[in-house]
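Student: Let's zoom in on one part of this model, the strand pairing, please. Start there and then walk me outward to whatever else is worth a look.

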Amino acid sequence: MFLSMNWISDFVDLSGLDKLDLIHKFSLSTAEVENDIFFKGSDVSGIVVAEIKSVEDHPNSKKLHLLKVDAGEAELTDVVCGAPNVRVGMKTAFAKVGAKIGEITIEPRPLAGYMSCGMCCSEHEIGISDDHSGIMEITDDVPNGTDLKDIYEIDDIVFEVDNKSLTNRPDLWGHYGIAREFAALAGRPLKPLDVEDLSVYDDMQKVDLKIEDPLCYRYSCLQVENITRSVSPVNMRIRLYYCGMRAINFLADLTNYLMLEMGQPMHAFDSRKVGAIRIKRFDKPFVFKTLDGVDRNVDENTLMICNGDIPVAIAGIMGGLDSEIVEDTTTLTLESATFDAASIRKSTVRLAHRTDASMRYEKSLDPELTVPAIARFLNLLKKYDNGVKVVSALTDEYAFRYDTVELSFTKSFVDRYTGIEIDNDTIVKTLQSLGFKVKLDGDTFDVVVPSWRATKDVTMNADIIEEITRIYGYDNFEIHTTRSPLYPVRMDEVKRNEEKIKDILVKRYSLHELHSYVWAYYDELKDLGIEVEDNIKLANATNPNIETIRNSMIPTQLCQVKTNVGYSPEFGIFEIGRVVTGMTGDNLCVEKKMLAITLYSKTQEVKDLYFKLRDILAVITSDVKHKLPDFAAIEPTHSYEHPVNLNAVKLDGEDIGVIGIVHPTIGKKIDKKAAIVFAQIDMQAFADTDNAPIVYDEPTKFPPMDYDISVVVPSNVLFADMAKCWADEGKGILKSAKIVDSYDTEVFHSETIRFEFSSHERTLSSEEVQEIMNSIVANLGKIGVCLR
Amino acid sequence: MDRISELREELEQKLSQTTDLISIDKVRVDFLGKKGRITALLKGMKDLSNEEKKTFGAKVNKLKESAAKRIDEKIENLRRAEVEREIAAMPKFDITAPANLERGSYHPITLVQRQCEAIFKSMGFTVEDYPEVVTDYECFESVNIPKHHPARDMQDTYYLTNGQLLKSQTSAAQNAILRKYGDNLKNNGVPIKAIFPGRCFRNEATDASHENTFFQMEGMMVDKDISISNLIFFMKTMLSEVFKRDVKVRLRPGFFPFVEPGFELDINCLICGGEGCSSCKHSGWLELCPCGMIHPNVLREGGIDPDEYTGFAFGLGLTRLAMMEYKIKDIRDLNSGSLKALAQFTDDE
């Protein structure tokens with residue numbers, strides 16, 4: 001919203017004050033002012049009122065005319081002018097020699113062979129309207145030679161306030177409300193508005209009016225006739241233009257002017273079309289033509305202004321074409337009303353039509369404004385068109401009144417909330433300057449909130465704190481730290497694990513952390529042949545491509561691998577992110593935080609890559625939890641899983657995740673020649689397993705003893721099966737067993753297993769080791785593992 | 001020539017022929033071993049007289065000593081020669097050849113998040129995790145945004161078909177945190193100090209400066225007598241830590257339903273230091289984070305009496321901070337999954 005300092009100055013005397021500084025204060029205390037401040041008229045000077053005394057056709061041009069103008073000087077001035085609307089006796093804006101318009105300085109110069117000593121200007125050239133159809137026509141009775149700036153408010157400082165920062169301030173949607181803030185900030189009084197006394201018309205006939213719907217809070221109207229003026233006064237047009245509106249005609253301009261001044265939208269109907277004003281909703285949707293000529297689909301939730309049963313306006317948004325003021329309108333009905341803010345907002349959204357009026361209604365306007373707005377409107381109307389006659393009594397139906405907001409708080413409350421000392425006098429004066437009624441009794445303040453702040457904005461004591469402190473100025477605050485007891489802070493286990501795991505993956509395994517989206521991207525998955533599995537969906541996705549929330553991060557990562565093929569012949573990626581794996585009994589999403597890792601290699605065999613990933617998982621569990629994972633083969637359930645080597649990852653017997661190889665159909669689509677393996681770990685399940693303590697194993701003084709055996713292992717026997725063969729045989733001295741060599745021939749698979757024995761008490765004898773080994777070999781034999 | 005001289009000569013000859021440490025060991029055994037040739041001389045002494053034995057024995061012992069010394073010298077020489085050969089054989093490496101920098105990387109958000117978390121942890125804040133799918137109550141109702149409140153329009157929320165939603169703001173965690181620590185506040189006087197970083201979602205079209213998925217971090221502190229003065233102090237301290245320099249802050253009124261009073265906090269522009277430049281649109285200030293005193297309704301809804309306790313809350317755009325810190329121009333790079341863009345962030349801190 002654009003604001004004019006001239007307009008603001010109508011209501012508060014700011015003379016002698018630095019206007020820019022005030023605007024800056026306003027920005028810090030009230031609402032955000034955009035950076036660009038416009039110094040209107042600053043690039044225009046030397047323009048005077050001049051009368052055209054003679055007009056002759058230019059001998060060398062069809063468009064140009066030779067004029068003699070009276071610019072208030074002893075002699076007439078010769079001017080060559082190309083405007084179509086020149087005529088003798090017309091007064092216009094004339095840039096004398098030496099005048100400045102923008103970058104141009106007016107100098108005498110020949111135009112098609114004739115000297116022109118100045119320029120007649122259009123309003124557009126002066127910068128006071130968009131009109132460049134002809135030169136400005138001045139109808140005001142002023143002497144020739146008068147500087148235009150002496151009669152018109154061409155000079156002005158215009159600034160823009162971010163509408164968003166006014167969302168909660170219905171009172172700031174007009175200059176008068178803004179002026180109140182400036183008055184408070186400058187410590188100067190706010191002047192009352194000039195209004196007409198409407199009570200003098202009380203004896204006249206009332207308008208037939210009935211509010212039939214609670215969404216209309218208040219409806220006030222007045223009928224007037226005999227409006228003869230059609231063009232608005234120049235100053236009014238300048239203000240409208242500077243504030244971003246175009247002048248249309250006097251009546252339309254005046255309703256706009258009033259809205260920009262008081263924030264109250266108004267509408268004028270042709271009285272013939274609104275004999276019986278009814279405000280209501282309709283049972284069924286229908287089509288309604290608004291005054292901009294557009295047919296709009298209005299549904300049954302939309303509040304309408306009607307003439308009996310005929311809709312004539314969409315309440316708070318826009319009038320209808322049929323009830324508009326037209327050429328032969330004699331009597332008009334002025335509407336000034338208040339409607340339910342949420343209803344207007346929703347109607348605006350449904351109609352996809354936001355207007356200056358609806359924008360204001362959405363903010364919960366003060367119903368107390370409707371009558372003063374009419375009184376002010378009439379004041380301006382009479383001022384500029386003195387033949388106007390009021391032909392009805394003020395008709396005012398006030399269906400819903402906000403409660404008066406009265407608050408009571410103590411000085412200590414203010415002290416506690418602000419943390420600084422603001423004295424009682426400052427508090428009282430600040431609140432009074434903003435229109436609050438304040439009574440100070442001892443240390444207690446009793447405050448009545450003004451109606452324009454009481455519609456939703458100021459409802460409780462904390463709101464009062466804002467009023468006091470913002471005018472006090474946050475820059476003036478003395479700042480200090482808090483006094484609070486000490487207390488140890490414990491990290492959440494999932495979070496702690498997360499950070500450790502990230503470090504392991506990045507620092508030890510050189511993996512890359514990526515981020516992704518929480519939904520499944522249909523297009524990308526389709527390209528890879530990965531089926532989008534049914535899951536909870538977005539209800540309002542604007543992009544159908546992202547409708548389904550993912551239930552696993554692995555498809556996401558496979559897409560990312562595809563993105564990065566070509567980055568390097570080998571890389572690994574990971575992410576700790578979220579998935580939804582199902583619904584609870586209460587129909588709530590089961591959200592899980594997952595660690596997903598995917599390794600890609602063109603240089604490694606799939607087996608090596610798979611084992612690398614297995615080792616990564618083992619390092620994670622042993623570093624974070626000090627224990628090793630188990631694995632158990634599972635059947636594939638997703639299209640991207642290779643049916644072989646798919647394993648559940650277990651910790652303490654609990655499933656915490658999965659490790660597998662990408663299905664070859666999908667793998668080939670990513671890269672024909674690369675191995676791709678993946679794993680996913682449920683972070684909560686992982687965090688829920690107990691941390692094993694680190695148990696210190698004191699180095700033994702006695703020499704250890706290694707015992708190697710080479711065995712032939714049948715294909716169906718896993719290392720885990722063999723491990724059971726020595727699990728109970730170690731007698732406390734078998735410390736570890738590991739594969740130190742393995743090889744395959746066409747007929748068998750052989751492994752060399754090294755058993756390490758040691759004792760803290762004694763030097764081991766070969767007999768006792770041999771005895772254990774005999775038992776182990778016997779056990780191995782039972783599962784078909786024989787010495788080679 | 002006597003036998004002793006012969007042996008001495010033979011030894012010299014053998015030594016001169018020996019070029020490696022293995023052969024020299026053979027020479028040692030041959031001459032000085034238990035069954036070696038010098039020892040054998042002593043065996044031939046039995047026929048000699050006692051006087052002769054004494055003289056001959058002394059000669060043999062002398063030979064033994066000198067032989068051992070000669071052999072040791074030879075070994076020493078050979079060893080030195082071997083080291084010299086090794087030194088000579090060492091090629092000269094080109095240390096200026098490019099280093100192999102292959103290593104992993106953190107997502108820039110992780111880096112910025114860790115920096116922020118470290119600052120807050122140092123001031124005794126807990127770091128809270130919160131789900132991404134939340135209820136309407138968590139995201140709106142509980143933080144003073146009732147149904148039909150215009151603030152719900154301000155943020156275009158992704159709703160799910162079951163009525164839940166993807167959280168549009170980290171504030172969705174406020175209520176749960178107030179409840180989690182409320183008893184400790186009320187019973188033990190321990191202030192609530194928490195930060196809650198998280199991923200947020202807005203249903204909007206993406207471009208270089210808009211993302212539908214981004215990270216925020218919110219924080220709050222609740223205790224008796226927490227004031228606006230504390231809030232400003234805290235924000236200034238916190239942001240000075242974040243930006244590792246003394247930042248100037250200014251507060252302007254801002255409207256957010258969950259705070260009252262609410263503020264927009266600006267810091268003096270990092271690029272121009274407040275002089276005005278294109279980054280700050282020549283204002284000298286950057287709008288950085290919304291903050292304010294926690295709205296009494298939010299405290300009440302979290303089970304905390306607003307007449308007894310007050311608190312402040314603030315939000316920080318982690319995505320925005322990451323972009324500022326690393327001068328990332330296009331926000332979409334962050335979720336692009338592209339290693340070309342993201343593999344550059346190799347170290348934390």
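Tutor: Two strands pair here if DSSP finds at least two bridges between them. Keep in mind that this is a predicted model. With that settled, go to chain A and find the open sheet of 5 strands, ordered S12-S15-S18-S19-S20, with mixed pairing. Its edges are strand S12 (208-211) and strand S20 (318-319) of chain A, each of which pairs on one side only. Inside that order, strand S15 (residues 276-280) of chain A runs antiparallel to strand S18 (residues 304-307) of chain A, and 4 bridges join them. To get a residue-level handle on that pairing, look at Ile279(A), which stands opposite Ile305(A) in S18(A).

Now slide along chain A to another piece of pairing. Strand S34 (residues 705-712) of chain A has strand S36 (residues 749-757) of chain A as an antiparallel partner, with 8 bridges between them. In that pair, Tyr707(A) sits opposite Phe755(A) of S36(A). S34(A) also pairs with strand S37 (residues 786-787) of chain A, again in the antiparallel sense, over 2 bridges. There, the residue opposite Val711(A) is Leu787(A) in S37(A).

How do these strands map onto domains? The assignment for chain A lists domain 1 (2-40 + 157-186), domain 2 (44-154), domain 3 (198-398), domain 4 (406-476), domain 5 (493-688) and domain 6 (705-787). The C-alpha centres of domain 5 and domain 6 of chain A are 35 Å apart. For a sense of reach across the chain, take Thr167(A) and Met773(A): they are 606 residues apart in sequence, and their C-alpha atoms are separated by 83 Å. Thr167(A) is in the loop between strand S11 (156-161) and helix H5 (175-186) of chain A. It counts as partly exposed because it has 19 C-beta neighbours inside 10 Å, while 20 or more would make a residue buried.

Chain A also has a helix to check, H13 (residues 461-472). Its 12 residues should span 16 Å at 1.5 Å a residue, and the end C-alpha atoms are 17 Å apart, which agrees. H13(A) is mostly covered, with 10 of its 12 residues buried. Charged side chains turn up in that buried set too: it includes Glu466(A), Glu467(A) and Arg470(A), along with Ile464(A), Ile465(A), Ile468(A) and Ile471(A). Just past the end of H13(A), Gly473(A) has a positive phi of about 100°.

That brings up backbone oddities. Most residues other than glycine have a negative phi, and most peptide bonds are trans. Asp652(A) breaks from that habit, with a positive phi of about 55°. Asp652(A) lies in the loop between strand S31 (647-651) and strand S32 (654-661) of chain A, and it is partly exposed because 14 other C-beta atoms lie within 10 Å. Over in chain B, Asn144(B) also has a positive phi, near 65°. Its loop runs between helix H6 (136-139) and helix H7 (151-154) of chain B. Asn144(B) has 23 other C-beta atoms within 10 Å, so it is buried. Chain B has a cis peptide bond as well, from Glu260(B) to Pro261(B), with omega near -10°. Pro261(B) belongs to strand S8 (residues 259-268) of chain B.

S8 is a handy bridge to the last stop, where the chains meet. There, 63 residues of chain B are in contact with 72 residues of chain A. On the chain B side, the elements that each supply at least two residues include S8, strand S6 (213-223), helix H5 (108-122) and helix H9 (228-243) of chain B. H9(B) gives the largest share, 6 residues. By class, that side of chain B has 27 nonpolar, 22 polar and 14 charged residues. H9(B) has 16 residues and reaches 22 Å between its first and last C-alpha, close to the expected 22 Å. Its buried residues include Ile228(B), Leu231(B), Phe234(B), Met235(B) and Met238(B), plus the polar Ser229(B) and Asn230(B). Right after H9(B), Lys244(B) takes a positive phi of about 55°.

Finally, the domains of chain B: the assignment gives domain 1 (3-89) and domain 2 (108-342), and their C-alpha centres lie 88 Å apart.

Notes: Residues are numbered from 1 along each chain as its sequence is written. Chains are lettered from A and ligands numbered from 1 in the order in which they are written. This is a predicted model: local features need pLDDT of at least 70, side-chain atom pairs count only at pLDDT 80 or more; totals for chains, interfaces and linings use all residues. Domain bounds come from an automatic or database domain assignment. Two residues are in contact if their C-beta atoms, placed from the backbone, lie within 7 Å. The expected span of a helix is 1.5 Å times one less than its number of residues.
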